[in-house]
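Here are some exercises to work through at your own pace. Have a look at the model first, then try each task before reading its solution.

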Amino acid sequence: MGAEVFDRITTRLAAREEEARVMHGILVVNLAPDAVAQAARSLKAEFAFDIFLDVTAVDWPGQEPRFEVVWHFYSTTDNVRVCLKTRVPESNPVVASLTPLFGSAAFMERECHDMYGIVFDGNADLRPILLYEGFVGHPLRKDYPKEREQPLVPYRDAAAERGGE
Amino acid sequence: MAANPRIPNPVRPTFAPGERDDTVVVSIGPSHPATHGTVQIFAELDGERILRVDVHCGYLHRGFEKECESHTWHNLIPYVDRLNYCSPLINDFAYCDTVERLMGVEITPRTKYLRTLLSEYSRLCDHLTCIAAALMELGAMTAFLYLVMIRDYMYEHIAALTGARVTHSYGRIGGLARDLPPGWLTRLAEILDQYEEFIGRVHGLVDRNRIFIDRMRDVGVLTTAQALDFGYTGPMLRSTGAARDLRKDTPYLAYAELDFEVPVGIKGDNYDRYYVRMREMDESVHMIRQLMDMLPAGPINVDDRRCTFPEKTLVYGEIESLINHFKLVMEGPRVPAGEIYHAHESANGELGFYLVSTGEGVPYKVHVRAPSFVHMGGAAKLLEGYQLADLVPTFGSINMIGGECDR
């Protein structure tokens, strides 16, 4: 299923792509960070990938570049999915926003920015979406401890309120 | 008593009040009878008309994805249940299917058909909840009671199988928690007959009701192009006339062998979303009836020591099974290193799991492509330009589920 369109995409993106292979029925293409926007544009314009499904990141601390950003697209013409991937360093975690191409990118990029601190250049609205204003850090990074609490409303000191029992 | 400390506003709307001097900005939610979920909507109003909307979610964020990274592949199944708590079985099976694909495990035929049947049963529950709540918000109390009565029969019936009404935790990697109890399918047939009787009454009460049509027709209109741009899937996309359904387009489980149609709408308005869901429920009943006849006998769990727990009697009786059980509980099933994205057609649309494994018993990353969250991204466009009162039915017809949206 979809082998023929995968071959055409691989050929089309071959000039820039470092590696492309089919994994679990999805064509996975690794790209340089600055090549993603162009690849997404040609996926949409030339290969009818009309649904932008998802963007997320994977944190690989200790590796360089540290973050892997992962996009998924779906074509309602061929009923296949394509995954684009790139690596960005912790010092400059910037990739191009896909908001000019897909309206759905706006919210999903906000979430990825919340969770990993990836900056989507061109997305004008990277306010917190699942987190809140004033939240410090990016919780899905591996170096963010799971137990850390940042309560919006300070906890009450029950013992002090009882009169220091 | 000490004065309450000043607590900063956790949400910053895109538009500040006072940019225009003839409009009013109201904040609706996060806990408001009109919001149908824990979500906050900032609406700038010109009289009764909504000019701009800023939707904020995240109030139910509980760090699902972070929490998954410190639990074994098995132990996070109860968390998966709590994503879309109106149709938890679909979440269970989508997650288990994704892990099984990564492990290269092929489920048994009985489990394959049973999962398909229960997915459709769960979809019925979800659509019943969505339609019942949307109708109740418009004052249709009788229709609401008819629908939730049927849903309650289903909850009780699923509880007889899984032990819980809502959070079933019934899926297992490589199978299911337990097989059907005696008489379960007989009761299922009864419930489906009752469903048909009561859904007929709801059609009669609502479909051609002047008040209902006035509130729903041409409200919250969405075109196919807009829906695709916003990444909409499921009934939201189908209501615009696009017959896109993963059960047909990329068949999984037993869907390729079933006879069913993909109902679509005409205009993409609230009425179409109501009707598409009603028709989808009929198709689900049709599928469940086929599956009841197709259900083969046989084991429900694969015989694979990497993921299936050994028989309890063997755990107590022989050292190999004891160690196998210990390793599965303490370390979790070893999932080969790799990554996968796999999606099921949930009641709201494409529910995708993106899993990354480093070969451990604990996932390296679990990401959920939650349809509710994606639908919130385009919700503003569905609300702008309509009356404030239209927010209620439009938001109801999106069927935003907080547990899934905020994770």
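Two residues are in contact if their C-beta atoms, placed from the backbone, lie within 7 Å. This is a predicted model, where local features need pLDDT of at least 70 and side-chain atom pairs count only at pLDDT 80 or more, while totals for chains, interfaces and linings use all residues. Residues are numbered from 1 along each chain as its sequence is written, with chains lettered from A and ligands numbered from 1 in the order in which they are written.

**Exercise 1.** Describe the side of chain B that touches chain A.

Step 1: The contact draws on 39 residues of chain B and 34 residues of chain A.

Step 2: Look for the elements that supply at least two residues each; among them are α1 (64-68), β6 (338-345) and α14 (371-383) of chain B. Helices (H or I, at least four residues) and strands (E, at least two) are DSSP runs, numbered from the N terminus.

Step 3: α14(B) gives the largest share, five residues.

Step 4: Sort this side of chain B by class: 15 nonpolar, 13 polar and eleven charged residues. Here Ala, Val, Leu, Ile, Met, Phe, Trp, Tyr, Cys and Pro count as nonpolar, Asp, Glu, Lys and Arg as charged, and the others, Gly among them, as polar.

**Exercise 2.** Check the span of helix α6 of chain B, then find its buried residues.

Step 1: The helix covers residues 184-206, which is 23 residues. The expected span is 1.5 Å times one less than the number of residues.

Step 2: That predicts 33 Å, and the end C-alpha atoms are 32 Å apart, so the two agree.

Step 3: The buried residues (20 or more other C-beta atoms within 10 Å of their own; exposed is 12 or fewer, partly exposed in between) are B:Leu188, B:Tyr195, B:Ile199, B:Val202 and B:Val206.

Step 4: Their cover includes α4 (109-137), α5 (141-162), α7 (210-216) and α11 (270-294) of chain B.

**Exercise 3.** Is A:Phe49 buried or exposed?

Step 1: Locate A:Phe49 in the loop between α2 (36-47) and β3 (51-59) of chain A.

Step 2: A:Phe49 counts as buried because it has 26 C-beta neighbours inside 10 Å.

Step 3: Leave aside neighbours within four places in sequence, and the contacts of A:Phe49 are A:Leu43, A:Lys44, A:Phe73, A:Tyr74, A:Ser75 and A:Val82.

Step 4: For a distance to try, take A:Met115, 66 residues from A:Phe49 along the chain: their C-alpha atoms are separated by 26 Å.
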